[in-house]
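This report considers one protein structure for a reader working at the bench. It takes up the surface, the sheet, the nonpolar cores and the charged pairs in turn.

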Amino acid sequence: MSTTNTVIADCNSSSSSKVRVATVWLSGCAGCHMSFLDQDERIVDLAKRIQVVYSPLVDVKEFPEDVEVTLIEGSVANEEQLEVLKDVRAKSRVLISLGDCAVTGNVTALRNSWENSDKEVLERAYKSSEDLQAAVPNMVPKLLIRAKPLHEVVKVDFYIPGCPPSADLINYVLTELLAGKTPNMEGKAKYG
């Protein structure tokens, strides 16, 4: 059995009655989380099988230990997100890149075309006010030189592309994992 199948089997044979699932929002637009919610009545069926233990949709402040499946939206654009991603990876059995920003960098990575994008982005965003620009180091986490897709920082187990991915595709991947199967993405996913 491959490592991924072992991880899926571990999720399927969890000692608790529900699989512990988390969602994380890095540098993205929340469209992927909206698609997650757009599963409509299927989300009720999922709720019978999963426990959402961390998400911007619930009021939990710290990422918990022993999360079985984590879906992450957005690219890694600043030092705070870099640390969050490493912590999440360490505490998650299965990590899923959710949406084109997490998979490729997409819109957030457009700033990578500037040579010093970490400095130029801040200058363009806050140039109009010297007081605000002086306060930026205390208000905004330090930007990385390049915005990065998740797989450039940590091991990713599955990818769900799309901008945003459809609710059908998100539901397919989750229900396959919950059934102990590896999702077959051939012909099901598209970018953009």
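## Nonpolar surface patch

Met34, Leu37, Val52, Leu57, Val58 and Val60 make a nonpolar surface patch of about 450 Å². The structure is a predicted model, and the values given here are computed from it.

Met34 belongs to helix 2. This residue has a relative accessibility of 49% and therefore counts as partly exposed, since the partly exposed class lies between 20% and 50%.

## The parallel sheet

An open sheet is formed by 5 strands in the order 2-1-3-5-7, with parallel pairing. Strand 2 (50-54) and strand 7 stand at its edges; because each has a single partner strand, one side of each is left without a neighbour in the sheet. From one strand to the next, the twist averages 30°.

Strand 1 and strand 2 run parallel and are joined by 4 bridges. Val19 has Ile50 of strand 2 as its bridge partner. Strand 3 and strand 5, also parallel, are joined by 6 bridges, and Glu73 stands opposite Leu98 in strand 5. Between strand 5 and strand 7 the parallel pairing extends over 3 bridges; here the bridge partner of Leu98 is Ile160 in strand 7. Leu98 thus has a bridge partner in strand 7 and also stands opposite Glu73. Strand 5 is mostly covered, with 6 of its 7 residues buried.

## Nonpolar cores

In soluble globular proteins, nonpolar side chains tend to be buried together. The largest nonpolar core in this model has 20 residues, of which Val69, Leu71, Ile96, Ile160, Leu174 and Leu177 touch the most other members. At least two residues of this core come from each of strand 1 (19-25), helix 2 (31-37), strand 3, strand 5, strand 7 (158-160) and helix 8 (167-178). Helix 8 supplies the largest share, 7 residues.

Another core, of 18 residues, lies apart from the largest one; Ala22, Leu26, Leu150 and Val154 are among its members.

## Salt bridges

How many salt bridges does a search of the whole structure find? The search finds 9. One of them joins the side chains of Arg93 and Glu68, at 3.7 Å from N to O. This pair links distant parts of the chain, with Arg93 in strand 5 (residues 92-98) and Glu68 in strand 3 (residues 67-73), 25 residues apart. Arg93 has a relative accessible area of 38% and is therefore partly exposed, whereas Glu68, at 3%, is buried.

Arg146 forms a salt bridge with Glu152, their closest N and O atoms being 3.2 Å apart. Arg146 is partly exposed, at a relative accessible area of 36%, and Glu152 is likewise classed as partly exposed, at 41% relative accessibility. The side chains of Asp157 and Lys155 also meet in a salt bridge, at 2.3 Å from N to O. Asp157 is buried, because its relative accessible area of 13% falls under the 20% limit. In addition, a network of salt bridges links Glu65, Asp87 and Lys91.

Conventions. Residues are numbered from 1 along each chain as its sequence is written. This is a predicted model: local features need pLDDT of at least 70, side-chain atom pairs count only at pLDDT 80 or more; totals for chains, interfaces and linings use all residues. Side-chain values use heavy atoms; hydrogens and water are left out. A salt bridge is a side-chain nitrogen of Lys or Arg within 4 Å of a carboxyl oxygen of Asp or Glu. Buried means under 20% relative accessible area, exposed over 50%, partly exposed in between (1.4 Å probe, protein chains only). A nonpolar core is a set of buried Ala, Val, Leu, Ile, Met, Phe, Trp, Tyr and Cys residues joined through side-chain atoms within 4.5 Å. Patches are made of residues with over 30% relative accessible area and no salt bridge: like charges are joined within 9 Å, nonpolar side chains (Val, Leu, Ile, Met, Phe, Trp, Tyr) within 5 Å. Accessible areas come from the Shrake-Rupley method with a 1.4 Å probe; for residues, only the protein chains shown count as cover. Two strands pair if DSSP finds at least two bridges between them. Axes are lines fitted to C-alpha atoms, for helices over the stretch in contact, and angles run from 0 to 180 degrees between N-to-C directions.
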